[in-house]
Amino acid sequence: MATIKIKQVTKRFGRHVILDNVTTTLEAGKIYGLLGRNGAGKSTLLNLINDRNFATSGEILFDGEPINNNPAARQQMYLMSETNMYPKRTRVKELFKAADRGYGDFDFTLAHRLTNEFGIDENSMVDNLSTGLTTIAKLITALCVKADFIFLDEPTLGLDASHREMFYRELLKTYERRPRTFVLSTHLISEVQNLIEHVIILDNREFKVDQPSEELLAQAFAISGPTAEVDAITKELPILGSHEIGHIKTVYVVQPIDAMQLATSSVTVKHLDLQTTFIALTDGKEL
Amino acid sequence: MQGKKGVKVNFEFDQTTPIYQQLVTQLSELMLTGVYQAGERIPSTTQLSQELHINPATVRKAMNILVDQGLLVKQRGIGMFVTDQSQAMIVKQHQDEFFDEYVVKVIAEAKRLGISQTELMSLIERGYDHGNN
């Protein structure tokens, strides 16, 4: 199956650099998490990959060919984002038909089941739906469209907790049945932590992390205990963030260390969850 | 998720150890306690993945470890089944870990609190008596 290669891509808006020489490969059949703080450039990156905007320099290749004005690439990539690509007064069922015309073999059976389960009337105008249901109608389209790369920019915007649960379950269900690549760009990190196989963290115009989630989390630690001891143990380590309350200090590191070796009777070494790891990597001071 | 005989099975995950390891531990525990009995089919990768919101690759990794350990056996196209020897093997695993997991820690804590070896022994005896009453 095809891959998407992002090669040394830079994007500037005027004098403002959004992406600075970023490179990665999106492989077939994986669920990616694209994480970054607000304004980190996640949406810009997704727009570039989906040919909705041009890179200032560098190139993006689908199956070895530049994605720009490339019908074969367009056929295999679908971006669901806040920007709506459908005209006003579009009905939900027309959204599905448009996806069918654009990509072929739209899964109408799944779409009907999902609109039913989420309680959406396919004859409703998309614009008349609540924020949450509009998102759901767009998500259903994204789950039923026949493309090998599905990009979901803030997929759970406006969804309540139970609808988010339903969405994650349906995502995994369709992914199991037809493995393809999903790129989830989200700020609800703890919800997708166990869902994503590979993490890309965009920070300060660059990819700060681009590796399997399990590998990243295996190296993410909080070391805490009496300040003097923690300082002694961690003085050689690159510390991302720390805080101290009453002579007890916790420091955060993302580093391949031997936790068993570092821990003492008074110093504990614990793994971090993805959210804490993300905060430590993107703004350790806030921990 | 509803287990056998209406036993409510709770898969709860913390985020401090890799999810596949926690899944291995929890599935073993369910086999040990007899929720999944020898010869029985356990929930499929798809079911576990969807219900627990875990990437199927992670679930498969856990399943493969359990297969390697001889606790599960794969029947192509049907599913994963609990092996006859699974319970005995899990008991053996726990026994092997008992010293490191419990004894070492109890002794360390006793030392920290100034409890002597004799006192600890008598506490353990008291614990046994308590359990018998």
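## A charged pair within helix H4

A:Glu117 and A:Arg113 lie four residues apart in helix H4 of chain A, and are therefore separated by about one helical turn. Their side chains meet in a salt bridge, with an N to O distance of 2.9 Å. The structure described here is a predicted model, and a search of the whole of it finds 14 salt bridges over all chains.

## Helix H4 against helix H6

Both members of this pair also belong to a helix contact, since A:Arg113 and A:Glu117, together with A:Leu110, A:Leu114 and A:Phe118, are the residues through which H4(A) meets H6(A). On the other side of that contact stand A:His163, A:Met166, A:Phe167, A:Glu170, A:Lys173, A:Thr174 and A:Arg177 of H6(A). By class, the contact of H4(A) with H6(A) is made up of five nonpolar, two polar and five charged residues.

As for geometry, helix H4 spans residues 108–118 of chain A and helix H6 spans residues 161–177 of chain A, and their axes come within 12 Å and cross at roughly 165°. An angle over 145 degrees counts as roughly antiparallel, and H4(A) and H6(A) are therefore roughly antiparallel to each other. The crossing in which H4(A) passes H6(A) is right-handed.

## Helix H3 against helix H4

Helix H4 of chain A also packs with helix H3, residues 92–103 of chain A, at an angle of about 160° and with the axes 11 Å apart. That angle makes H3(A) roughly antiparallel to H4(A), and H3(A) passes H4(A) in a right-handed crossing.

The residues that H3(A) brings to this contact are A:Val92, A:Phe96, A:Lys97 and A:Asp100, which meet A:Phe108, A:Ala111 and A:Thr115 of H4(A). Sorted by class, the contact of H3(A) with H4(A) has four nonpolar residues, one polar residue and two charged residues.

## Helix H5 against helix H6

Helix H6 of chain A has a further contact, with helix H5, residues 131–144 of chain A; the two axes come within 11 Å and cross at roughly 5°. Because of that angle, H5(A) is roughly parallel to H6(A).

From H5(A), the residues A:Leu133, A:Ile136, A:Leu139 and A:Leu143 meet A:His163, A:Phe167, A:Glu170, A:Leu171 and A:Thr174 of H6(A). The contact of H5(A) with H6(A) divides into six nonpolar residues, two polar residues and one charged residue. Among the H6(A) residues named here, A:His163, A:Phe167, A:Glu170 and A:Thr174 also appear in the contact with H4(A).

## The interface between chains A and B

The contact between the chains takes 17 residues from chain A and 16 residues from chain B. The area buried between chain A and chain B is about 1,500 Å², and carbon and sulfur atoms give 50% of that area. Of the area that chain A buries against chain B, A:Glu176, A:Asn194 and A:Glu214 supply 40%, which is more than any other three residues.

Between chain A and chain B the count is two salt bridges. In one salt bridge across the chains, B:Arg60 pairs with A:Glu176, the closest N and O atoms being 3.5 Å apart. A:Glu176 thus appears both in this salt bridge and among the three residues that supply 40% of the area chain A buries against chain B.

Technical notes
Residues are numbered from 1 along each chain as its sequence is written. Chains are lettered from A and ligands numbered from 1 in the order in which they are written. This is a predicted model: local features need pLDDT of at least 70, side-chain atom pairs count only at pLDDT 80 or more; totals for chains, interfaces and linings use all residues. Side-chain values use heavy atoms; hydrogens and water are left out. Axes are lines fitted to C-alpha atoms, for helices over the stretch in contact, and angles run from 0 to 180 degrees between N-to-C directions. Helices (H or I, at least four residues) and strands (E, at least two) are DSSP runs, numbered from the N terminus. Angles under 35 degrees count as roughly parallel, over 145 as roughly antiparallel, 65 to 115 as roughly perpendicular and the rest as oblique. A crossing is left-handed if the near helix is turned anticlockwise from the far one by less than a right angle, and right-handed if clockwise. Contact means heavy atoms within 4.5 Å. Ala, Val, Leu, Ile, Met, Phe, Trp, Tyr, Cys and Pro count as nonpolar, Asp, Glu, Lys and Arg as charged, and the others, Gly among them, as polar. Buried area is the accessible area (1.4 Å probe) that two parts lose on being put together, summed over both. A salt bridge is a side-chain nitrogen of Lys or Arg within 4 Å of a carboxyl oxygen of Asp or Glu.
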